[in-house]
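Trainee: Please take me closely through one spot in this model, and then show me how the rest of the chain fits around it. Short steps would suit me best.

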Amino acid sequence: MKTLVIAEKPDMGRNIAAAIDPRAKNFRTYIEGEQYIITWAIGHLIGLAEPDAYDDKYKKWNFQDLPIIPDRFKLVPNAKTKDQLKVIADLAKRAERLVNACDAGREGQHIFSLIQRHLKLAQPVKRLWISDLTPETIRKGFAELREGTEYDNLTKAARARSEADWLIGMNGSRAFTTRHQVLLSVGRVQTPVLAILYDRQKEIEAFTSSTFYDVEAFFTQDDTEYKGMWQGERLTDPEKAKALVDKCRKKPGTIASYEIKDTKEYPFKLYDLTLLQREANARYGFSAKKTLDVAQALYEKHKVISYPRTNSNYVNEQNIPEMHRALDQLRGTAYDELAAGAEKRFVHKNNKAVCNPAKVEDHHAILPTHKKASGLSADEQHIYDLVVRRFLSHFYPAAEYKVHTVVTTVENETFKSTIKQLLSVGWKAIYADQKKEKPKAKSRADKQEDEEQTAEEEISTPFQLQPESGVLCTKAAAKEKETQPPKAYTEGTLLKAMEGAGKQIEDEELRDAMKDSGLGTPATRASVIERLKHVGYIVMQGKRIAITQKGRTAVELIRQAGVDLLTSPEMTGHWERRLNEIARGLASDDTFMANVKKFTNLIVEKVRVQSKAAKQAFESEAQPAGAAKRTRKRTAGGAAAAEGAASATAPAKRTRAKRDSAAESAAAAAVPAKRTRAKRDSAAEALAAGVAPAGAEPTLRSAASAGGPAPGGALRAAAAPPLGAGIAACPRAGCAGRIIAGKRGYGCTAYKAGCGFVIWKDSCGAALSEQDARRLIEQGKSGVLSLTDAGGNVTRGRLVLTNRNTGELQPER
């Protein structure tokens, strides 16, 4: 009898086989040698069953049937991967012992445990616990296999996390959906992420811009010129700013202080998945999901980068020789010139900026492999280029600067200057050829803002002042500026917020529990953002994420119900702390689950007594008439997949037809019209497969962008909403209509009666959100926007509603 090794992914299985038995025979779904049979899961092969597996009555969503709390959770195979599960079952019959070679972490432990439980595998288990897939590490791991029972507590923690997510997600989603008759998805991770977006939007709406003035002066001493910024309380009076300019211009000054400091800048950290997603979003505008998909293709298909779903920015000692070898591989490629300047002496086991085993968990940082890249698509080349350049930068020395800090006084007024003099470019040579490119991630307005906020001046020429000598203020100017509201989130900045969620929590233990995880994991954050789009909670406006009316209402309803802990990272912090204690044998999983069941009951009871939301609260989600009534085909275990399985259950490989079918199902349920209760139940039943547990919510396409009516047929027609619906009351004199969002603009529901009011979404180069339209209607003026004039020049300014009968807008003069 042989030993059956079960890896988490095919690539991992093949790496293990190559390291421990290179002469083993490949049978496509497994690899067999004299001693070992090596096979693999494909992510989560097993999931938690949906509610109707416990009772047929759960096929229909009925509030009176809540809460749904199984005595024992049932397992079901993933229909898409059941063939591989059968392979494992057949191979297990030929094995006398098992080796759990899934990822070294909670989810890897869970994947193996589900297979073991479902197939009732009784063989003794050994555990391979390694954090990278180098041959040396694999062979060392097999030489030091641990007893599977050592990880029983980790298995309990993983199981508790999965079942707790199911309870919160299933019951929370059904409770809010059936109470308010709109598909409202609730989840332990998704809901606090939505709340982050909601709170930022409220901050933006509450922000009031004000004008202020920065006074800058230019000084000369012999042939040296430098700029200084006036130091004092913020100037809001233009006359005072002008007086200050006149007071200092052409006047002599003295150097009050002059400090010179040598500094070094070291390369940025190696990429983990979240950092790579953030960079790709900032530079190329890629969504988090797109970056993950492209990186996965580079890993699986082209094999030119290491495992991308990592949360580590560091490597182990064993990876250092592999990094040196990868550097050699880059010679003779498009990166030859950069590789030629790289020095291996900078990457060694004592360089803690690179090699820090204590910070490597399941996988090390993303690195290029030894294989030369060829045949990459444009998108793949972009992501590969990011990885390679970041990798190469660590083989270069630090960039060196001499920082000059100067305080200059003129007519008793103080000006401060920071001049950063480049001495040695170091690792920044890696990116020198990219400085000429226009950053694709930023609009011209954003670039202008960045330039305005730059507090120091960087130069590459020699700079030196004689502090005892005087200076002359050759010119001065007052620049008019406006305070800026908090920026709307992009996917990149939202990923950063998710990663850092919980850092503001006052409870130190909760902060510690979340410090390395935040909301979601690197592998699931992209799918969380995609789900927020699919269920109609957010839409993209260019690169900005905008929360829809449905998303706003969802957060408000959850908070109003008295279960606002669902919208806070604190719950994730509480869970992570307790799960970590379970994994260490310091807490009981039974006690944890008992408390989760109490919280589940609390959610249901709070929603039970909540007032039903008016239909118009979700008005911006209205669908055009005639939306198809097809329903999404249900998949066994699809809705019950745990949050950690999100990547396996995400609809990445669905056909366009299936995606459209799902969209139409969502459209039919998103806005219940005058349907009977039976019809509503039927719609809920059709959607049951799409309401997933916490962190793995419905993957139904959002109806948010479909639009509503507008005058002149410019927007799609729909029935007029009731009083109080939409964005605001129509400002046209004598009109009783409401302004609602359409496909191309914000128009009046009374357009059939002749109202021609409309605010076009694309006005003067600005993409106007619902909040922008509301502010224009109610206040007559927008906030500060990025506008484009007839000549194509981008400026910052406001739009003014100049005609309350037609909706005509003009830039503020």
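**From one proline outward**

Mentor: Start with Pro 67, which sits in the loop between β5 (46-48) and β6 (75-77). Look at the bond that leads into this residue. The peptide bond from Leu 66 to Pro 67 is cis, and its omega is near 0°. Most residues other than glycine have a negative phi, and most peptide bonds are trans. Keep that rule in mind. We will meet its other half shortly.

Before going on, remember that this is a predicted model. Each residue carries a confidence value. The mean pLDDT of the chain is 82, and 82% of the residues reach 70 or more. Some parts fall well below that. Residues 436-454 have a pLDDT below 50, although the model gives this stretch 28 contacts beyond near neighbours in sequence. Residues 621-724 also stay under 50. For them the model has 234 contacts beyond four places in sequence. Where pLDDT is low, the predicted coordinates should not be read in detail.

Now the wider frame. The chain has 813 residues, and 54% of them are buried. Its secondary structure comes to 23 helices and 28 strands. Take the contacts between residues at least 6 apart in sequence: 76% of these join residues at least 24 apart. The accessible surface is about 36500 Å², with 48% of it belonging to carbon and sulfur atoms.

Back to unusual backbone angles. Asp 222 is not a glycine, yet its phi is positive, near 55°. Find Asp 222 in the loop between β10 (211-221) and β11 (224-230). Its relative accessibility is 73%, over the 50% cut-off, so Asp 222 counts as exposed. Lys 250 is a second case, with a positive phi of about 65°. Lys 250 belongs to the loop between α7 (238-248) and β12 (252-265). Lys 250 is exposed because its relative accessible area is 58%.

The end of α7 brings us to a cysteine. Cys 248 is buried, with a relative accessible area of 1%. Is it paired or unpaired? A search of the whole structure finds 0 disulfides. For Cys 248, the nearest cysteine sulfur belongs to Cys 473 and lies 5.9 Å away. A disulfide here needs sulfur atoms within 2.5 Å, so this pair does not qualify. Another cysteine, Cys 355, is buried too, at 1% relative accessible area.

Next, a helix with good cover. In α16, 10 of 10 residues are buried. Among them are Val 528, Ile 529 and Leu 532, but also Arg 525, Glu 530, Arg 531 and Lys 533. Pick Ser 527, which lies in α16 (residues 525-534). Ser 527 has 12% relative accessibility; that is under the 20% cut-off, so this residue counts as buried. Its side chain reaches the backbone oxygen of Thr 524 at 2.7 Å. Just after the helix, Gly 536 takes a positive phi of about 85°.

Last stop: the later strands of the chain. Arg 798 lies in the loop between β26 (794-797) and β27. Arg 798 counts as buried because its relative accessibility is 11%. The side chain of Arg 798 reaches the backbone oxygen of Ser 782 at 3.3 Å. Arg 798 also touches residues from several parts of the sequence, including Ser 209, Glu 482, Arg 775, Leu 787 and Gln 810.

A little further on is Gly 807, in the loop between β27 (799-803) and β28 (808-811). Gly 807 is buried, with a relative accessible area of 6%. What does it touch beyond four places in sequence? Its contacts there are Phe 757, Val 758, Ile 759 and Leu 801. Compare sequence and space for one more partner. Gly 807 and Tyr 746 are 61 residues apart in sequence, while their C-alpha atoms are 9.3 Å apart.

So return to the starting point with that picture in hand. At Pro 67 the notable feature was a cis peptide bond. At Asp 222 and Lys 250 it was a positive phi. At Ser 527 and Arg 798 it was a side chain reaching a backbone oxygen.

Note on methods:
Residues are numbered from 1 along each chain as its sequence is written. This is a predicted model: local features need pLDDT of at least 70, side-chain atom pairs count only at pLDDT 80 or more; totals for chains, interfaces and linings use all residues. Side-chain values use heavy atoms; hydrogens and water are left out. Helices (H or I, at least four residues) and strands (E, at least two) are DSSP runs, numbered from the N terminus. Buried means under 20% relative accessible area, exposed over 50%, partly exposed in between (1.4 Å probe, protein chains only). A polar contact is a pair of N or O atoms within 3.5 Å; within protein, one must be able to donate a hydrogen and the other to accept it, and residues adjacent in sequence count only if both atoms are side-chain atoms. Contact means heavy atoms within 4.5 Å. Accessible areas come from the Shrake-Rupley method with a 1.4 Å probe; for residues, only the protein chains shown count as cover. pLDDT is the predictor's confidence in each residue, from 0 to 100.
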